[in-house]
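Here is a report to read with the sequence and the 3D view side by side. Turn the picture around as you go and look for each part when it comes up.

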Amino acid sequence: MLHTYNLQPRRPSWGIRAEARKAESTGHAIVIAPPPREVAISLNQSAGRPAVPIVEPGEKVSTGQPVARATAPGSADIHASISGLVVAVEERLVFSAHHSMETAIVIRGDGTDEDFTPHPVANDPMSMTPAEIRQTIAGAGIVGLGGAMFPTAEKLSCGARIHALILNGVECEPYISCDEVLLRYRAARVLRGAQILMRAAGTQRCIVAVETDMPEARVAVHEALETLNDDRIDVSQVTAKYPSGGERQVLELITGRQVPSGGLPQDIGYLCQNVGTAAAVADFFATGRPLISRIVTVTGQGVSRPVNIEARIGTPIAELIAMAGGYRGTPAKLIAGGPMMGIALPDDGIPISKANNCIIAAAPGELMETAAEHQPELPCIRCSECLQACPAGLQPQELLVACRQQDRQALESLGLPDCLECGCCDYVCPSAIPLTARFSLAKIGFRQAQLEERRALHARQRFEAREARLQQQAVQREHELQEQSAGVVSDSQIDAVMARVARDKNADTEKP
Ligand code: SF4
Ligand code: SF4
């Protein structure tokens with residue numbers, strides 16, 4: 001099959017236009033935060049199960065030293081982000097969708113930032129096999145920095161034939177600019193990472209996706225490409241429209257192909273990685289330092305000097321706010337992520353994780369509101385605005401009916417699991433129906449029902465297996481009884497009796 005790519009922007013019919021609000025934080029170069037006095041590193045730094053700690057309170061650790069190991073597929077290793085003393089491995093309030101208490105390794109810094117030696121990597125990745133590169137990346141604890149935190153090495157080991165690597169630099173949410181500044185100031189690193197990832201994935205093609213409203217980033221990538229002189233890599237522009245930065249959406253805009261429902265980009269021959277992930281891979285092979293920091297946009301009218309900060313994982317958000325000039329007035333809301341899909345934070349003592357791309361301190365009235373936030377809900381008028389806006393090609397008004405009727409079958413056939421919870425339908429709905437909240441709840445119920453069904457199935461299979469075993473034993477016993485009553489003695493039974501007689505005889509002979 002011939003693969004073609006749209007290098008010029010294609011205007012998506014779905015999505016919404018939101019004011020970008022990125023200029024405030026892109027006005028300065030990336031600020032590198034000094035190692036903080038203390039970090040609290042959550043063990044939940046990947047898409048899979050939490051890692052298992054391998055250090056104890058009282059132990060001294062160096063920067064980059066492994067402190068927790070991956071436990072299962074989807075899980076990733078974790079490393080000390082500063083050097084110092086492990087003072088606790090305890091439950092802490094960490095960044096997550098539910099603000100849950102999770103186990104974190106707390107390290108008090110010694111101020112030396114002494115590197116862990118020996119470095120686990122010092123090889124030229126181009127002289128390594130793809131499998132060796134993947135293994136090395138896994139040891140660096142590198143996960144997708146776009147927010148999903150899926151282990152990069154695992155994604156590269158998908159086993160599918162990959163036509164092209166798509167490096168996603170599209171930040172469609174307003175305010176978030178960490179990928180834009182990365183491309184502006186560190187484009188060469190991103191492209192070096194692209195070359196390593198291409199080798200690891202066994203592909204000879206890479207498309208770097210940037211938004212149409214990132215001209216400086218685009219120029220920086222083109223200049224870096226000229227220096228690199230690698231004609232396997234191209235740049236594609238994607239129309240700045242929310243949510244064109246989603247993995248499936250960016251892929252559709254560049255290749256014209258859709259990922260099947262419930263599938264992954266690799267199912268149609270593409271591998272998507274965030275530009276930050278590519279830079280992390282390049283950094284690791286250049287310096288030997290695993291993933292211990294990331295770029296975080298700290299912005300909003302509630303901070304004095306919006307900026308992008310490269311911060312160590314586990315740094316309290318309050319320290320990043322201080323680096324952005326501190327609060328300006330009292331912010332109305334503190335959000336981790338963008339204003340559309342971000343999570344409201346209860347306070348600024350929460351430490352950042354590998355998933356944190358943005359912190360917004362929003363002033364009162366600053367954020368765009370949906371109609372549902374200030375109007376009473378009205379009946380659906382079947383205007384189809386939500387259908388037009390939906391980037392997943394769903395029919396939100398039909399999903400709403402199925403939600404109200406709690407019709408699981410209809411929800412499934414209407415594609416509820418494909419809902420991104422992007423909020424576009426809420427923004428266009430003239431009846432102020434909080435559609436996304438309803439769909440989020442329905443998805444939770446859907447997952448729970450699936451889990452219960454799976455559990456019930458396992459219980460039934462176990463019960464049936466036990467019944468079959470008991471039945472088989474009963475048949476066998478019955479058979480033996482019948483043989484005994486008919487006087488039929490098997491060879492093995494005769495052998496057993498002969499052996500017992502011989503044993504008894506020997507015992508008699510040995511008696512004094
Ligand atoms: S929240 Fe779901 S249904 Fe609504 S527009 Fe986004 S993907 Fe479509
Ligand atoms: S946008 Fe709102 S009112 Fe219009 S069809 Fe969708 S749910 Fe109904």
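Among contacts between residues at least 6 apart in sequence, 73% join residues at least 24 apart. Keep in mind as you look that this is a predicted model. The chain has 512 residues, and 48% of them count as buried. Its secondary structure consists of 14 helices and 17 strands. Along the principal axes, the C-alpha atoms fill a box of roughly 105 × 65 × 55 Å. The accessible surface is about 24700 Å², and carbon and sulfur atoms account for 51% of that surface.

**Two partners for one helix**

A good place to begin is helix α4, which covers residues 178-201. Two packed helices are described by the angle between their axes and the distance between the axes. The table sets out these values for two pairs that involve α4.

| Helix pair | Angle between axes | Distance between axes | Crossing |
|---|---|---|---|
| α4 and α7 | about 65° | 7 Å | left-handed |
| α4 and α5 | about 35° | 8 Å | right-handed |

Which residues of α4 meet α7? On the α4 side they are D179, L182, L183, R189, V190, R192, G193, A194, I196 and L197. Facing them from α7 (residues 275-287) are V275, G276, A278, A279, V281, A282, D283 and F285. Sorted by class, this contact has 12 nonpolar, two polar and four charged residues.

The partner α5 spans residues 215-228. Here α4 contributes E180, L183, R184, A187, A188, L191 and Q195, while α5 contributes E216, A217, A220, V221, A224, L225 and L228. This contact divides into 10 nonpolar, one polar and three charged residues. Try stepping along α4 from L183 to A187 and on to L191, all of which belong to this contact. An α-helix has 3.6 residues a turn, so residues three or four places apart point the same way.

**A helix under cover**

Next, find helix α6, residues 247-255. Is α6 mostly covered or mostly open? It is mostly covered, with seven of its nine residues buried. Those seven are Q249, V250, L251, E252, L253, I254 and T255. They pack against four strands: β9 (164-168), β10 (206-211), β11 (233-238) and β12 (270-274). Just after α6 comes G256, whose phi is positive, at about 80°.

**Around the ligands**

Now move to the two ligand sites. Which residues surround ligand 1? They are C390, P391, P396, C419, L420, E421, C422, G423, C424, C425, T436 and F439. Two elements, α12 (424-428) and α13 (435-485), give two or more residues to this shell. By class, the shell around ligand 1 has nine nonpolar, two polar and one charged residues.

The residues around ligand 2 are C380, I381, R382, C383, S384, E385, C386, Q397, C429, P430, S431 and I433. This shell has seven nonpolar, three polar and two charged residues.

Helix α13 also holds K443. Is K443 buried or exposed? Its relative accessibility is 9%, so K443 counts as buried, the cut-off being under 20%. Setting aside residues up to four places away in sequence, K443 touches L416, P417, C419 and E421. Of these, C419 and E421 also belong to the shell around ligand 1.

**A loop with two neighbours**

Finally, look at the loop between β3 (52-53) and β4 (60-61), where P57 is found. Leaving aside neighbours within four places in sequence, P57 is in contact with V86, V87, A88 and V89. The C-alpha atoms of P57 and T103 are 13 Å apart, with their places 46 residues apart along the chain.

G58 lies in this loop between β3 and β4 as well. Why does G58 count as exposed? Its relative accessibility is 58%, and the cut-off for exposed is over 50%. With neighbours within four places again left aside, G58 is in contact with L85 and V86. Now compare G58 with T26: they are 32 residues apart along the chain, and their C-alpha atoms are separated by 41 Å.

Key: Residues numbered from 1 in each chain as written. Chains lettered and ligands numbered in written order. Predicted model: local features only at pLDDT ≥ 70, side-chain atom pairs only at ≥ 80, totals over all residues. Heavy atoms only, no water. Axes fitted to C-alpha atoms, helices over the stretch in contact; angles between N-to-C directions. Left-handed = near helix turned anticlockwise from the far one by under 90°. Contact = heavy atoms within 4.5 Å. Nonpolar A, V, L, I, M, F, W, Y, C, P; charged D, E, K, R; others polar. Buried < 20%, exposed > 50% of the residue type's maximum accessible area, 1.4 Å probe, protein only. Near = heavy atom within 4 Å. Areas by Shrake-Rupley, 256 points an atom, 1.4 Å probe, with all protein chains shown as cover.
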